[in-house]
Structures are given as structure tokens and as C-alpha cells.
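Here's a quick briefing on what holds this fold together, from charged pairs to the greasy interior. Have a look at the model first, then run through the points below.

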Amino acid sequence: MDKIKNSSIKRSMTVTFILTISIISVLSGITIFWANQIQQKIQQNRSIIIKNPYYKIDENTGGYVLDMNENNVEWHKLNMGETVAYYGCYFAMFGLPVFYIIGGIGGAAIIYFHIKLRTPILQLQNGMKRIQDNDLDFHIEYDGEDELGQLCHSMEKMRNELRLNNRALWDALEQRKLLNTSVAHDLRTPITVLSGYLDYLEKNVPQDKITEEMLMETISFMQKAVLRLKCYVECVRDVERIENIEIKRESQNTDLLLKEIESNICSLKGDKKIVFQTDITLTSVKIDKSILFRVLENLLENAIRYMDKQITLKICQRETLFLLCVRDDGKGFSKKDLQQAVNMFYGNEKGNDHFGIGLGVCKLLCEKHGGFLQIGNNKSGGAYVTAAIDVF
């Protein structure tokens, strides 16, 4: 049974067919043999009736010999039971093999279905039904290595991909919802400021209560509000462009890439202390360099803004991932920061020149490049951000 269960459908069907034919042949042979034996035994037990016996003298012995050729010989008729048994043997010799064939094929089909087909077919039917019902929280549990097992593995892979895609879509919708909420909230402030200044001018200008100096000061405040509103709109547009960006991987020499990163660090740090460490054994990586440098610059700019004395940038590898780990010695992330800092337009990231999209953009770019973004606090104090990018 295990051989049938673990082999391919073609081979298991062949084995089942051979076993079925063998069993049918053995049973049919045994049935015919014993039916023939019973018929012979019935014939042997029959008595002979000789009418008007004719005898002749044997020349050698001088005794009387019954001449069968010259006598009218009849077999004694069979009784009812013997007749039924005798002709029943004919039925057994011809009818039972036919029964064995029909029953054997039917029984083999039922056994084969329950051993080989029932479990994977039920798994596939249940899987298709749940997928149609948009329920992807299940697993197809069939470990066979035959064609149906491969089909089950393919469906399980498809289910997992659908689940991941739905999760990604759900996360994207949640991010979009948060983005829309944040935009609506943050646009309200400059609009409220502009509305307040306009009301102020509308009430006081007709009554000549505003001096030229007060007017120019109010206009200056309104210009700042408009400028911030304009910058915020441009920031939203940048996020839209990043979401639609296409990753263009190109092979890069690792040594040259690290030298370029080090040169980029020197241009960013100014009077800040940045320690650069590397632990790379790869000779080349397949990467979108513009994405790498955009992520790196965002991480360093955030670290510089919150550092105390020093930043450490370590570049290393983990299997197919290129890791950028930036550590600072500042105050670190709060509990709320750890939960929401990678969200677009997170409130604590916002200032006069910042709109809280730095880590959100880095997270989006890393995920589009097959990686991830991780944030946390160092045991010795300060924060760390690790950006992982797939380089294969």
C-alpha cells in the first residue's frame, strides 16, 4: 500500500492493475480446479446399470468375462442434489471468474481511490472553495510526491502568494488611508492660518485700522503658510512618484561601490563624526544604485538630526541581502516612535523643514528592492535603523 501511495499515478495504477489481474487469475484458477474436482468425484460415485449382460469365457483363465461392448450399459441417474452440484460447478467455472473480474476491478478502483486519490482531491476541492470565498487562512496538507502531490504543492504556493499579495494590498490600502488622513489633517493647519489672516484683513483693511507695517507683516506670515502648503503638496507628489518607481538592477563592483559610499558620507557629515565600517565578501552586487544612495542619505540625515556626538554606519551582508545599519548616540526612539516611525507623515518627524516621510520612504524603497527596514534602540543608548536590500 505504501508503494502505491508514494509512487507516481502511472506507476501506482500499473501496480494496482497487475495485482488485481493476479488475484483474479489465482481465484479463477482455484475455482475452476475445485469445480472440476467436484464434478469428477460426482462422476466417480455414479453406479452403472447393465441390461441383459453378455458373458464370454476367457481363453487364458477359463473364467467368465463381461463383454461391455455387447451389453446395453447405462449410468445411474443423478439425484437432485448431485445434479444441482454437478451443473453448479459449470456455473462456478464460468460465472465466478466473471464475478471476480467485475468485483476485482470495482474493488481495486475503490481501494485505489481511497489510498491514492481521496485525500489530495478533497484537499484541492476544499482549497478551491476557500479561495473562491476569499479565505486564504488555511494550508493544503498533503506530502505525497506524485503528480497530485505536486499539484497540491503548487496550489499551496499559489495560496501563499495570494495571501502575501492580499496582505501587501491591505497594507498599501492602510498606508494610503493613513496618508489621506495625515494629508487632510496637516493641510488644515496652513489653510486655517491663511483663513484667519484673510478674515483679519477683511475686517480691518476697510476701516483703515492696519498700518503698512502690520499689512506687510501679515502678508509675510501668509507667504510662509503658502510656502509650507506648497512644500507639503510637493512632498505628497514625491511619495506618489516613489510608489510608482521601477527598480533597475545593475551589476556593481563592491569595492568601487564602497568607496563611492565613503565619499558620499564625507560630503554629508560636515563637522559631524561618522564611523564607517564594512564587512563584505561579495565581489559584485546587482543593485539599483540610485535607490541605495537615496536610502543611505535619508538614514544619515535622520541620524545627524538626532545624534549627540557620533554616528556609526556599518555595511555588511546576510545571504542575499545588502545591509546598511546606521546607529546614533542620541535619545533613541520612544515607544510610539517604534510603532509608527516608518509610517508616512508620522507626526513626531514633522518640523519646519521635515514632513515625517524619511523613514517611510526608506521602508517603501527597501521593500520594492526585495528587502525591509528595521528600527530599534541600542542597549547602550541611541537608535539604530537597518535597511536591507536584495542584491541578487
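Lysine 129 and aspartate 133 pair up through their side chains in a salt bridge, with N to O at 3.4 Å. Keep in mind that this is a predicted model. Across the whole structure, a search turns up six salt bridges, and a few of them are picked out here along with the cores and the cysteines.

**Salt bridges**

- On the lysine 129–aspartate 133 pair, the lysine 129 end is exposed, because its relative accessible area is 52% and the cut-off for exposed is over 50%.
- Arginine 130 has a salt bridge too, this one to aspartate 135, and their closest N and O atoms sit 2.7 Å apart.
- Both partners there are partly exposed: aspartate 135 has a relative accessible area of 26%, and arginine 130 comes in at 26% as well.
- Glutamate 156 bridges to arginine 159, with 2.9 Å between the closest N and O atoms.
- That pair sits within helix H4 (residues 147–204), where glutamate 156 and arginine 159 are three residues apart, or about one turn of the helix.
- Are these two buried or exposed? Glutamate 156 counts as buried because its relative accessibility is 18%, and the limit for buried is under 20%; arginine 159 is buried as well, at 2%.

**Nonpolar cores**

- In soluble globular proteins, nonpolar side chains tend to be buried together.
- The largest nonpolar core here has 40 residues, and the members touching the most others are Ile261, Val295, Leu299, Phe322 and Leu373.
- Several elements each chip in at least two residues, including helix H6 (254–269), helix H7 (289–306), strand S9 (321–328) and helix H9 (358–368).
- H7 makes the largest contribution to this core, with nine residues.
- Setting aside neighbours within four places in sequence, valine 295 is in contact with Leu324, Cys362, Leu365, Cys366 and Ala387.
- There's also a second, separate core of 11 residues, with Leu117, Leu136, Phe138 and Leu148 among them.

**Cysteines**

- How many disulfides does the structure hold? The count is zero.
- For cysteine 366, the nearest cysteine sulfur belongs to cysteine 362 and is 6.4 Å away, and cysteine 366 is in no disulfide.
- Cysteine 366 counts as buried because its relative accessibility is 0%.
- Cysteine 152 is buried too, at 1% relative accessibility.

Definitions and conventions:
Residues are numbered from 1 along each chain as its sequence is written. This is a predicted model: local features need pLDDT of at least 70, side-chain atom pairs count only at pLDDT 80 or more; totals for chains, interfaces and linings use all residues. Side-chain values use heavy atoms; hydrogens and water are left out. A disulfide is a pair of cysteine sulfur atoms within 2.5 Å. Buried means under 20% relative accessible area, exposed over 50%, partly exposed in between (1.4 Å probe, protein chains only). A nonpolar core is a set of buried Ala, Val, Leu, Ile, Met, Phe, Trp, Tyr and Cys residues joined through side-chain atoms within 4.5 Å. Helices (H or I, at least four residues) and strands (E, at least two) are DSSP runs, numbered from the N terminus. Contact means heavy atoms within 4.5 Å. A salt bridge is a side-chain nitrogen of Lys or Arg within 4 Å of a carboxyl oxygen of Asp or Glu.
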